[in-house]
Amino acid sequence: MTAGFDARLDRIGTDGNYLIVPMDHGITMGAVKGLKDIEGTIDAVTRGGADCVLTQKGIAPRVHPNTNGAGYVVHVNGSTTIGPDENDKRVTCTIEEAIRAGADAVSFHINVGSNYEPKQIEDLAELSGKAERFGMPVLAMAYARGPGIDSADPEALGHAVRLAEELGADIVKTGYSGDAESFQHVIESTRLPVVIAGGARGTDRETLEKVRGAVDAGGAGISMGRSIFQHDDPEAITRAVSAVIHEDASAEEAIEEAGLAVEA
């Protein structure tokens, strides 16, 4: 690894743990709640303790003035919910473009088990090779998704994260299996830091208990979008998630520390 690689990796995490807030959903879902005023949302989540934020390259000018010193990840493929197949992620950005956009890392989404897996394997392998030459960390969003696949199956998730390591990623994001005990298999399937996806929004307690379970299993944090940027108080929920990841707080302690309302 190079000094530049180490410096960039340090900018997107804290002591080897990661609180990443992806906001690339504009290409996927449109300008949904939390993304119309993306400047305000970025300011709020980074004030709340996010280590870095993640967007597509075209949003970079709206990102940098509002990060409060946090890191920046550029996502390099995508699809839409209104297109023929959301699993068919196509390349949207090169390493050189990500560098020009001010990225500290790049991320790539691969649906392991989908009909598009073969091409996405080729694209991720090519990306990681180019990224290594530039000292650019790669976050692989490796999901178990495809016909007949249970996206929360720990065996499938373990395969997905191992694939990411085999292809040269530096950090891997995947789905959560539902509990710390089963998620240990996923963690043990790779030497990479594993962060979990947030998925659909739940209650604050459900969100924080999911994060707590992943950390207890040996996870390195989260890459959580909608549960944070669509929250009524993005800064407060980010602060609560940060307390779990960076301060080893329980879900209860995090709710109290962040000043979130206790749900009925």
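This is a guided tour of a predicted model, stop by stop, with a selection to make at each one.

Residues are numbered from 1 along each chain as its sequence is written, and side-chain values use heavy atoms, with hydrogens and water left out. Because the model is predicted, local features need pLDDT of at least 70 and side-chain atom pairs count only at pLDDT 80 or more, while totals for chains, interfaces and linings use all residues.

**The barrel**

Begin with the strands (DSSP runs of E, at least two residues, just as helices are runs of H or I of at least four residues, both numbered from the N terminus). Select strands 1, 2, 3, 6, 7, 8, 9 and 10, which in that order close into a barrel with parallel pairing; two strands are taken to pair if DSSP finds at least two bridges between them. Neighbouring strands of this sheet are turned by 30° against each other on average, direction ignored, where axes are lines fitted to C-alpha atoms, for helices over the stretch in contact, and angles run from 0 to 180 degrees between N-to-C directions. To see where the barrel closes, select residues 18-22 and 221-223, that is, strand 1 and strand 10, which run parallel and are joined by three bridges. Within this pair, Leu-19 stands opposite Ile-222 of strand 10.

**Helix 3 and its surroundings**

Next select residues 38-47, which form helix 3, and colour Ile-38, Thr-41, Ile-42, Ala-44, Val-45 and Thr-46, its buried residues (buried means under 20% relative accessible area, exposed over 50%, and partly exposed in between, with a 1.4 Å probe and protein chains only). These buried residues pack against strand 1, strand 2, helix 4, helix 10 and helix 11, contact meaning heavy atoms within 4.5 Å. Just past the helix, look at Gly-49, which follows helix 3 and has a positive phi, near 115°.

**Helices 9 and 11**

Move on to helix 9 (residues 204-216) and helix 11, whose axes come within 9 Å and cross at roughly 25°. The two helices are therefore roughly parallel to each other, since angles under 35 degrees count as roughly parallel, over 145 as roughly antiparallel, 65 to 115 as roughly perpendicular and the rest as oblique. Their crossing is right-handed, which is to say that the near helix is turned clockwise from the far one by less than a right angle. For the residues that meet here, show Asp-204, Leu-208, Val-211, Arg-212 and Val-215 on helix 9 together with Ile-237, Ala-240, Val-241, Val-244 and Ile-245 on helix 11.

**Salt bridges**

Finally, display the charged side chains, among which 14 salt bridges are counted (a side-chain nitrogen of Lys or Arg within 4 Å of a carboxyl oxygen of Asp or Glu). Asp-104 and Arg-11 form one of them, at 2.7 Å from N to O. Asp-104 sits in the loop between helix 5 and strand 6 and Arg-11 in helix 1, so this pair ties together parts that are 93 residues apart in sequence. Asp-104 is buried at 9% relative accessibility, whereas Arg-11 is partly exposed at 43%.

Then centre on Lys-57 and Glu-97, a salt bridge whose closest N and O atoms are 3.1 Å apart. Lys-57 belongs to the loop between strand 2 and helix 4 and Glu-97 to helix 5, so the pair links parts 40 residues apart in sequence.

In helix 7, pick Arg-162 and Glu-166, which meet in a salt bridge of 2.9 Å, N to O, and which, being four residues apart, are separated by about one helical turn. Arg-162 is partly exposed at 40%, and Glu-166 is exposed at 57%. As a last selection, take Asp-43, Arg-47, Glu-235 and Arg-239, which salt bridges with shared partners join into one network.
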